[in-house]
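Visitor: I'd like to learn how to read a few features off a model like this one. Could you walk me through it?

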Amino acid sequence: MNKLLVLLYLCVSCAALAQTNVKKELKAIETLEQAQDYIGEKQTRKKKILVFNTEKHQTSLAKELLEMPVGFTKTDRTQFKKTHYKIVKKENEPHYRISYIFFDGNKMPVSEIYELRKTIMAKYNRGVDFGDLAKKYSMATNARKGGDSGWVKDGQLPIEIEEEANDLKHELDAIFDVGITDDNGFYIVKKTHRLKIIKEVYVLKVQETID
């Protein structure tokens, strides 16, 4: 009986020590770079970095995290686990939003792509909805969404597209073609929104089991 009590005591002590260590580890993390080092090369269900922004994420958790200052930690507890959310970075970044139709020059002759681009632009100028054209012709994964890129910031799409999307000479709803030499990609791009400043928060999520 005494051995059983000792074993139970050791298990409880180890669990308490593990939870204390997690708190210490989180307290020492102050930057996004430190959070990335803490996770290592591969994110897991128990350790990962999440990114929330005011346009895309509307859950109560996301709204709460977006309002928390950098360095603060929120902990949610259930019967079997604790989930810690530590704010490691916040920023207000310019984002842009476009719709596009993509052709892969490695899978289709360039001459055929040029003819299709002419056809698509002619149809758009006659009033055919760009989203419908993207669903029909685009080879991109977002074709089913009408080619919508969602809100993106510099570095998320090829530089050639970014430069055209951010060009003030292009009016809203204007379409233009872009060629990408590196991957032999061809695009028809529609400017759907003006540049917008969006708040983002980077969150280190750490999950621990309660024994």
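Guide: Sure. Helices and strands here are DSSP runs, numbered from the N terminus. Bear in mind that this is a predicted model.

Visitor: Where is the place of Asn142?

Guide: Look in the loop between α5 (130-137) and α6 (159-165); that's where Asn142 sits.

Visitor: Is Asn142 buried or exposed?

Guide: Buried means under 20% relative accessible area. Asn142 comes out at 9%, so the residue counts as buried.

Visitor: Which residues does Asn142 touch, leaving out those up to four places away in sequence?

Guide: Tyr100, Gly147, Asp148 and Ser149. With Asp148 there's also a polar link: the Asn142 side chain reaches the backbone oxygen of Asp148 at 3.1 Å.

Visitor: Now the sheet. What is the order of the strands?

Guide: In general, sheet strands pair through backbone hydrogen bonds, in a parallel or antiparallel way. Here you have an open sheet of 4 strands, ordered β1-β7-β3-β2, and the pairing is antiparallel. β1 (47-53) and β2 (73-77) are the edge strands, each pairing on one side only. From one strand to the next, the twist averages 30°.

Visitor: How many bridges join β3 to β7?

Guide: There are 14, between residues 81-95 of β3 and 196-209 of β7. For a spot to click on, try His95, which stands opposite Lys196 in β7.

Visitor: And which strands do helices α2 and α3 lie across?

Guide: Helix α2 (residues 32-39) lies across β1, β3 and β7, at about 145° to β1. Helix α3 (residues 60-67) lies across β1, β2, β3 and β7, and runs at about 105° to β7.

Note on methods. Residues are numbered from 1 along each chain as its sequence is written. This is a predicted model: local features need pLDDT of at least 70, side-chain atom pairs count only at pLDDT 80 or more; totals for chains, interfaces and linings use all residues. Side-chain values use heavy atoms; hydrogens and water are left out. Helices (H or I, at least four residues) and strands (E, at least two) are DSSP runs, numbered from the N terminus. Buried means under 20% relative accessible area, exposed over 50%, partly exposed in between (1.4 Å probe, protein chains only). A polar contact is a pair of N or O atoms within 3.5 Å; within protein, one must be able to donate a hydrogen and the other to accept it, and residues adjacent in sequence count only if both atoms are side-chain atoms. Contact means heavy atoms within 4.5 Å. Two strands pair if DSSP finds at least two bridges between them. Axes are lines fitted to C-alpha atoms, for helices over the stretch in contact, and angles run from 0 to 180 degrees between N-to-C directions.
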